[in-house]
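Open your viewer, switch to a cartoon view, and keep the selection panel handy. We will walk through the fold one stop at a time.

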Amino acid sequence: MSSAAIDTTSRKAPSANEAPVKGGVVPYLQVGGASDAAEFYGRAFGATEVFRYPVDQSGRTMHIHLHINGSSVMLSDPYPEYGHALQQPQGFNLTLQVNDIDSWFARAVAAGVEVVMPLQEMFWGARYGQLKDRFGVLWSMNQPL
């Protein structure tokens, strides 16, 4: 995973020019081990880290900003002492609209993502498959035929 030249040693928030938010809807995931997730998403989905707050004395970080496939994805560790306890992800998936779905899917599987639904041609005219990462997040991939 590559990292942009942004100063992550200070607690100063980046400007919009330093870490632009991409996409109209930006998922903000709370996962156990946000730093590990950011590195894993780099291997599995080609994520590029554009900003990160330093880890605290407990090894947690309150904010990591990634770019994945032209969109932003935000991550943080849980902070139960502030009312943000970790909960199992449910009721959603993150869908990646991709070209060359076979290579995207293969890279994710090689990184250790679990196949939930193998790639297949779907009735809506696309190849589609679903994956679950080790943080419990369900991902799907879609490529028009």
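Here is a tour that starts with the whole chain and then moves from one selection to the next.

**Stop 1: the whole chain.** Keep in mind that you are looking at a predicted model. Colour by secondary structure and you should find two helices and eight strands. Following the cartoon along the sequence gives the pattern β-α-β-β-β-β-α-β-β-β. If you switch on a surface, about 7900 Å² is exposed, with carbon and sulfur atoms supplying 52% of that area. Of the 145 residues, 41% count as buried. A contact map is worth a glance too: among contacts between residues at least 6 apart in sequence, 58% join residues at least 24 apart.

**Stop 2: the open sheet.** Select strands 1 to 4, which form an open sheet with mixed pairing, in the order 1-4-3-2. Which strands stand at the edges? They are strand 1 (28-30) and strand 2; each has a single partner strand, so one side of each is left without a neighbour in the sheet. Look along the sheet and you can follow a twist that averages 25° from one strand to the next.

Now zoom in on strand 1 and strand 4 (residues 71-76), which run parallel and are joined by three bridges. For a landmark, pick Q30, which stands opposite S76 in strand 4. Next, bring back helix 1 (residues 34-45), which packs on the sheet and touches strand 1, strand 2, strand 3 and strand 4. The direction of helix 1 makes about 10° with that of strand 3.

**Stop 3: strand 2.** Select 48-52, the residues of strand 2. Strand 2 pairs with strand 3 in the antiparallel sense, over four bridges. Click on E49 and you will find its bridge partner in strand 3, L66. Is strand 2 enclosed or open to the outside? Four of its five residues are buried, so strand 2 is largely enclosed by the rest of the structure.

**Stop 4: T61.** Move on to the loop between strand 2 and strand 3 (64-68), where T61 sits. Although T61 lies in a loop, the residue is buried, because its relative accessible area is 0% and the cut-off for buried is under 20%. Show sticks here: the T61 side chain reaches the backbone oxygen of Y53 at 2.7 Å. Beyond its neighbours within four places in sequence, T61 has contacts that include A34, S35, R52, P54, D77 and Y79. S76, which you met opposite Q30, is also in contact with T61.

**Stop 5: helix 2.** Select residues 101-111 and show side chains for I101, W104, F105 and A108, the buried residues of helix 2. Turn the view to look down the helix axis: these buried residues fall within an arc of 95°, so they line one face of the helix. What covers them? The cover includes helix 1, strand 5 (94-97), strand 6 (114-122), strand 7 (126-132) and strand 8 (138-144). Step just past the end of helix 2 to G112, which takes a positive phi of about 110°.

**Stop 6: G91.** Finish in the loop between strand 4 and strand 5, where you will find G91. Is G91 buried or exposed? Its relative accessibility is 87%, so G91 counts as exposed. Draw a distance from its C-alpha atom to that of L138: the two are 47 residues apart along the chain, with a separation of 9.1 Å.

Conventions: Residues numbered from 1 in each chain as written. Predicted model: local features only at pLDDT ≥ 70, side-chain atom pairs only at ≥ 80, totals over all residues. Heavy atoms only, no water. Buried < 20%, exposed > 50% of the residue type's maximum accessible area, 1.4 Å probe, protein only. Contact = heavy atoms within 4.5 Å. Areas by Shrake-Rupley, 256 points an atom, 1.4 Å probe, with all protein chains shown as cover. Polar contact = N/O pair within 3.5 Å; in protein donor to acceptor, adjacent residues only side chain to side chain. Pairing = 2+ DSSP bridges. Axes fitted to C-alpha atoms, helices over the stretch in contact; angles between N-to-C directions. Arc of directions from axis to C-beta.
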